[in-house]
Amino acid sequence: MFARGETIIQFIERLAPKHYAVEGDKIGLQVGSAAREVRRVLVALDVNSAVVEEAAKLGAELIIAHHAVIYRPLAHLRTDTPAGALAARLLRNDIAVYISHTNLDTAEGGMNDWMAEALGLTGRDVLEEVHTDKLFKLVVFVPETHQDKVRAALFGAGAGWIGNYSHCSFNSEGTGTFLPREGTQPFIGQQGRLESAAEIRIETVVPQSVRKAVVSAMLKAHPYEEVAYDLYPMDLKGRSFGLGRVGVLPQPETLDQFAERVKQALDVPFVRIVGDGSRPIRKVAVLGGSGAKYIRHATFAGADVLVTGDIDYHSAQDAEAAGLAIVDPGHNAEKIMKPKLAEWLQEQLKSKGYATEVFASEVHTEPFKLR
């Protein structure tokens, strides 16, 4: 059994929900249709002619990419232009393209966590908050006989987390009353007769991101025909998600030593550095892609160095003046997402019994060359 395109996209959006993306980011299905069976998926950083050729030879029906294939609005779709020719080739080979960009950067276990892990950073925190998962309190009334079943359903769907504590709930005993009317099929009692039942009031915390799944699981596990429950917002702040990570190295290193660590960990031929190579480095900020505008965030976080790409001349001067070192491995350092996302997606598909295969692109899309 092979997964359909929309099923694969659902897996990706569980890891990196679309609402994690920064405003205006070009994400989602950009070319083709997801309403088809997919035997092979190619995970790529960029989508260019070489990647499309690779996908066609592989027999892939779907490309999952990080950078948008359609980034700027198209005034026309002429096949005698590079953008039009690329789109035509994708359509001719019936290859769909789905983009997961800043939502994958933001996601826990996504791009920036992969980069931070590769650098050996611990005690990681978000560099810039993009999204906060709002919290809700769910209260449901359950007959005593089914309290364990309903609690298990709630916790299994993602409810009950307070910090690093899971399966959190408050339970109180009480008596519920109801009168089944004509046309009902009551789990307890009879039509036309006022009933009372020993019930448990279960209270638990539900993040907005799993609210629908939790309510659905609760209703499915509950024995009553009509379930009495309340769901209301809380003032407490939920988990924060954002771009970049800040963490610490196991041991201090000089900037020159750390630059070598970045080269090896991110598999890049060279890095550009800003700062004295002998200065000590312990606290590190990392942000995949172009991070010049996050120099202020890294400085405010107390980082000794910012690892990010595409640093321009004046931003480098600003960082130097602020006492922040820079290690720039280039934008292509984000290629770390290819094997990581491919492996993750393959595991998800396999766990559900799908035979769809996932491959990491072997095409090198770095446009710059050293001389």
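**Rings, charges and one helix**

Trainee: How many helices and strands does the secondary structure come to?
Mentor: The elements are DSSP runs numbered from the N terminus, where a helix is H or I with at least four residues and a strand is E with at least two. With that rule, the chain comes to 11 helices and 15 strands.

Trainee: And what kind of model is this?
Mentor: Residues are numbered from 1 along each chain as its sequence is written, and side-chain values use heavy atoms, with hydrogens and water left out. Local features need pLDDT of at least 70, side-chain atom pairs count only at pLDDT 80 or more, and totals for chains, interfaces and linings use all residues; this is a predicted model.

Trainee: What percentage of the chain do buried residues make up?
Mentor: Let's fix the word: buried is under 20% relative accessible area, exposed is over 50%, and partly exposed is in between (1.4 Å probe, protein chains only). Out of 371 residues in the chain, the buried share is 46%.

Trainee: Which percentage of contacts join residues at least 24 apart?
Mentor: A contact here is heavy atoms within 4.5 Å. Counting contacts between residues at least 6 apart in sequence, the share that joins residues at least 24 apart is 72%.

Trainee: On to the rings: is the pair of Phe 187 and Tyr 224 stacked, edge-to-face or tilted?
Mentor: Rings of Phe, Tyr and Trp (its six-membered ring) pair if their centres lie within 6.5 Å; planes under 30 degrees apart are stacked, over 60 edge-to-face, and the rest tilted. The structure holds three such pairs. For Phe 187 and Tyr 224 the centres are 6.3 Å apart and the planes sit at 50°, so the pair is tilted.

Trainee: How many residues apart are Phe 187 and Tyr 224?
Mentor: Phe 187 is in the loop between β7 (170-178) and β8 (195-207), and Tyr 224 is in the loop between α7 (211-221) and β9 (229-233). Their pair links distant parts of the chain, 37 residues apart.

Trainee: Which of the two rings is buried?
Mentor: Phe 187 has 43% relative accessibility, so that one is partly exposed. At a relative accessible area of 13%, the buried one is Tyr 224.

Trainee: Which residues do ring pairs link into a cluster?
Mentor: We've already met two members, Phe 187 and Tyr 224. The full cluster is Phe 178, Phe 187 and Tyr 224.

Trainee: How far is Arg 211 from the ring centre of Phe 136?
Mentor: A charge sits over a ring if NZ of Lys or CZ of Arg is within 6 Å of the ring centre and within 35 degrees of the ring normal. Lys 26 does this over Tyr 71, at 5.5 Å. Arg 211 lies over the face of Phe 136, at 4.5 Å.

Trainee: Where do the buried residues of α8 sit around the helix axis?
Mentor: Helix α8 (residues 255-266) has Leu 255, Phe 258, Ala 259, Val 262 and Leu 266 buried. Taking directions from the helix axis to the C-beta atoms, they fall within an arc of 105°, so they line one face of the helix.

Trainee: Which elements do those residues pack against?
Mentor: One of them is a helix, α5 (111-118). The whole set is α5, β10 (240-254), β11 (272-274), β12 (280-290), β13 (305-309) and β14 (325-328).

Trainee: How many residues apart are Arg 36 and Asp 94?
Mentor: They form a salt bridge, meaning a side-chain nitrogen of Lys or Arg within 4 Å of a carboxyl oxygen of Asp or Glu, with the closest N and O atoms 3.0 Å apart. Arg 36 is in the loop between β1 (28-31) and β2 (40-44), and Asp 94 is in the loop between α3 (82-92) and β4 (96-99). The separation is 58 residues.

Trainee: Which residue of the Lys 57 and Glu 53 salt bridge is exposed?
Mentor: The two are four residues apart in helix α2 (residues 49-58), so about one helical turn separates them. Glu 53 is partly exposed, at 33%. With 68% relative accessible area, the exposed one is Lys 57.

Trainee: Which residue is buried in the salt bridge of Glu 253 and Arg 261?
Mentor: These side chains meet at 2.5 Å, N to O. Arg 261 is at 26%, so that side is partly exposed. At 15%, the buried partner is Glu 253.
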